[in-house]
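Work through the exercises below with the sequence and the structure in view. Try each task before reading its solution.

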Protein chains: 2
Amino acid sequence: MQPVNLAGKLTQFDDYWSPRIVGELNGQHVKLAKLKGEFVWHHHEAEDELFYVIKGTLVIEFRDKSVTINAGEFIIVPRGVEHRPIAAEEVHVMLFEPVTTLNTGNVRGDLTVDHPEAL
Amino acid sequence: MQPVNLAGKLTQFDDYWSPRIVGELNGQHVKLAKLKGEFVWHHHEAEDELFYVIKGTLVIEFRDKSVTINAGEFIIVPRGVEHRPIAAEEVHVMLFEPVTTLNTGNVRGDLTVDHPEAL
């Protein structure tokens with residue numbers, strides 16, 4: 001039981017769209033990620049996903065709208081809902097999601113990370 | 001699917017040790033709370049609990065040590081582990097824990113909140 005410093009963990013990696021695991025509880029992971037550019041459209045079949053923006057401005061596109069999430073805000077994307085994160089400038093996020101969650105959900109590709117690193 | 005602004009939600013209440021629900025996903029609640037003073041010793045039988053400090057400095061006493069959690073840090077308290085949060089000055093926290101979690105865990109008393117308000 002030690003405190004986890006988000007800023008400190010964020011200095012330990014620089015690549016985009018590759019979440020790192022920084023905590024686990026109740027079958028859920030706490031992850032940190034750096035985002036820049038456009039991700040792929042995807043959904044998660046059985047997992048709701050929380051994005052908390054630490055730094056920057058995240059846009060999440062849905063099929064019927066776009067939502068802007070600023071630093072100090074979070075959004076919950078329910079399971080089954082197609083979405084595409086976009087970061088015009090670098091964004092840092094904390095994610096809460098089940099340990100079963102794959103970053104690209106139902107879509108396998110170059111951005112898929114099967115075994116996220118734990119920091 | 002709307003962004004939730006933590007600072008905005010925190011302006012909506014002022015009482016201490018009474019968590020408000022601001023999100024739900026995967027059987028977990030996201031809660032916000034303001035803390036000041038000493039809470040009661042307790043544990044949660046079946047729930048791990050995450051405290052993320054938004055503002056201030058939180059101390060959590062365990063039976064064998066104390067841990068200081070500063071703004072921008074979180075700690076995970078595993079189920080079964082006795083703990084007592086202490087806030088010398090006002091502290092704002094975001095909690096992530098199962099929807100079944102009672103704030104005072106195994107100890108009923110004046111500080112118990114059976115039905116936290118949703119904001």
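The exercises treat a predicted model, and each task is followed by its solution.

**Exercise 1. The side of chain B that touches chain A**

Task: Find how many residues each chain gives to the contact, and which element of chain B gives the most.

Solution:
- Step 1. Count by chain. Chain B supplies 25 residues and chain A supplies 26 residues.
- Step 2. Assign the chain B side to elements. Those with at least two residues there are strands S1 (4–5), S2 (20–25), S3 (28–38), S6 (66–70), S7 (73–77) and S8 (83–98), along with helix H1 (6–10).
- Step 3. Rank them. S7(B) gives the most, with 5 residues.
- Step 4. Sort the side of chain B by residue class. There are 17 nonpolar, 5 polar and 3 charged residues.

**Exercise 2. Strand pairing across the chains**

Task: Determine in which sense strand S1 of chain A and S7(B) pair.

Solution:
- Step 1. Read the direction. S1 (residues 4–5) of chain A pairs with S7(B) in the antiparallel sense, over 2 bridges.
- Step 2. Name a bridge. Asn5(A) has Glu73(B), in S7(B), as its bridge partner.

**Exercise 3. Positive phi in chain A**

Task: Place Trp17(A) and Asn26(A), then decide whether each is buried or exposed.

Solution:
- Step 1. Take Trp17(A). Its phi is near 65°, positive in a residue other than glycine. Trp17(A) sits in the loop between helix H1 (6–10) and strand S2 (20–25) of chain A.
- Step 2. Apply the cut-off of 20 or more. Trp17(A) is buried because it has 20 C-beta neighbours inside 10 Å.
- Step 3. Take Asn26(A). Its phi is about 55°, positive although Asn26(A) is not a glycine. Asn26(A) belongs to the loop between S2 and strand S3 (28–38) of chain A.
- Step 4. Asn26(A) has 22 C-beta neighbours inside 10 Å, so Asn26(A) counts as buried.

Methods
Residues are numbered from 1 along each chain as its sequence is written. Chains are lettered from A and ligands numbered from 1 in the order in which they are written. This is a predicted model: local features need pLDDT of at least 70, side-chain atom pairs count only at pLDDT 80 or more; totals for chains, interfaces and linings use all residues. Two residues are in contact if their C-beta atoms, placed from the backbone, lie within 7 Å. Helices (H or I, at least four residues) and strands (E, at least two) are DSSP runs, numbered from the N terminus. Ala, Val, Leu, Ile, Met, Phe, Trp, Tyr, Cys and Pro count as nonpolar, Asp, Glu, Lys and Arg as charged, and the others, Gly among them, as polar. Two strands pair if DSSP finds at least two bridges between them. A residue is buried if 20 or more other C-beta atoms lie within 10 Å of its own, exposed if 12 or fewer, and partly exposed in between; C-beta atoms are placed from the backbone.
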